[in-house]
Amino acid sequence: MYNESFKNLVNLAFDKSTQFYKDENNLNKPNPYFVGFGNPNSKILILGKEKGFDESNLKQLQYESIENPNEWKNYIENGIISNRTKFYDSEHYINVFRPYLAKMKGGHTWTKYYTLLKNIYPQIEKNENEFLDYAFLSEINFEPSKLSKIKAFNNSNRIELLKNDYYKSFNVIICACADYLTDNQIEDFFDVKFESDLSNPSEKLKIFKNENRVLINTRQLSMNIKNDYLIRISEVAKKYL
């Protein structure tokens, strides 16, 4: 079942979302209280930069952002911990556990996430995005974009959510967001301390720790990412699982 930390996060996100969308000016805007996708009981949290679609795609925005806390709340209240059927009568979107069953093109971020997690959990199959059973995914920036728009992140609503205890409850946090967050923000949001910098050119790899958990700050995991880099990230992560 769902742990109390996740239930509390979803309730907070649902309440804050309700307030946010009471303002008619916000009706078709991305949800700063978007929670995430995947397995909320997993040991690995991956935080990307932002969703890679144009927010003018209102249907995708509704399914992947606006209604995300509401969908999680529905599953929690009905005791549903896994689902393979569509939550909406949608063309492609499935649900928050596995948003899509086929979204694995070569340079796509999810392909890199799959490869990274496959290095940690060799039993993962590539079909139907099974890697989502082994991690929880969310984003630093809640505003979707096909190209990164921001140089520094400082949205107060999103920061409030990211500082929630749930996001600090994972054994491994992979902040695959390059320089969206400063070292000070990482330490503040996730209650960790900088440990070491193992970066190579174009391969950011900063390590932060707190007792028995680790936060790994990497570049965005998409496009021309080398497998050796993903292996290096996975080797750090495996020590905490």
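Here are some questions and answers about this predicted model.

Q: In what order do the 7 strands of the open sheet run, and which strands stand at the edges?
A: The 7 strands line up as β1-β3-β2-β4-β7-β6-β5, with mixed pairing. Two of these strands have a single partner each, so one side of each is left without a neighbour in the sheet. Those edge strands are β1 (37-38) and β5.

Q: Which residue in β4 stands opposite Ile46?
A: Start with the pairing: β2 and β4 run in the parallel sense, joined over 4 bridges. Across from Ile46, the residue in β4 is Ile174.

Q: Why do the buried residues of α6 line one face of the helix?
A: Helix α6 covers residues 183-190, and its buried residues are Gln185, Ile186, Phe189 and Phe190. Look down the axis of α6 and these buried residues fall within a limited arc, so they line one face of the helix; that arc is 100 degrees.

Q: What covers the buried residues of α6?
A: Strands and a helix both take part. The cover includes the helix α5 (156-162). Also included are the strands β2 (44-48), β4 (172-175), β6 (205-210) and β7 (213-218).

Q: Which residue forms a salt bridge with Asp188, and how many residues apart are the two?
A: Asp188 sits in helix α6, while its partner is in the loop between α5 and β4, so to speak a link between distant parts of the chain. Asp188 is partly exposed at 44% relative accessible area, and the partner is partly exposed too, at 32%. The closest N and O atoms are 3.3 Å apart, and the partner is Lys163, at a separation of 25 residues.

Q: Is Glu203 buried or exposed?
A: Glu203 forms a salt bridge with Arg232, with the closest N and O atoms 3.6 Å apart. The pair links the loop between β5 and β6 to helix α7 (residues 227-238). Arg232 is partly exposed at 27%, whereas Glu203, with a relative accessible area of 13%, is buried.

Q: By about how many helical turns are Glu235 and Lys238 separated?
A: These two form a salt bridge whose closest N and O atoms are 2.9 Å apart. Both belong to helix α7 and are 3 residues apart, so the separation is about one helical turn.

Q: What is the angle between the planes of Tyr93 and Tyr100?
A: The whole structure has 25 aromatic pairs. Tyr93 and Tyr100 make one that is edge-to-face, 6.0 Å centre to centre. Tyr93 is buried at 2% relative accessibility, and Tyr100 is buried at 11%. Their planes make an angle of 80 degrees.

Q: How many residues apart in sequence are the parts that Tyr121 and Tyr134 tie together?
A: This pair is tilted, with 5.0 Å centre to centre and 40 degrees between the planes. Both residues are buried. Each lies in the loop between α4 (109-120) and β3 (136-139), so the pair ties together parts whose separation in sequence is 13 residues.

Q: Which residue in the loop between β5 (193-197) and β6 has a positive phi although it is not a glycine?
A: Most residues other than glycine have a negative phi. Here, phi is about 65 degrees. The residue counts as exposed, at 61% relative accessibility. Lying in the loop between β5 and β6, it is Ser202.

Definitions and conventions
Residues numbered from 1 in each chain as written. Predicted model: local features only at pLDDT ≥ 70, side-chain atom pairs only at ≥ 80, totals over all residues. Heavy atoms only, no water. Buried < 20%, exposed > 50% of the residue type's maximum accessible area, 1.4 Å probe, protein only. Arc of directions from axis to C-beta. Contact = heavy atoms within 4.5 Å. Phe/Tyr/Trp six-rings, centres within 6.5 Å; stacked < 30°, edge-to-face > 60°. Pairing = 2+ DSSP bridges. Salt bridge = Lys/Arg side-chain N within 4 Å of Asp/Glu carboxyl O.
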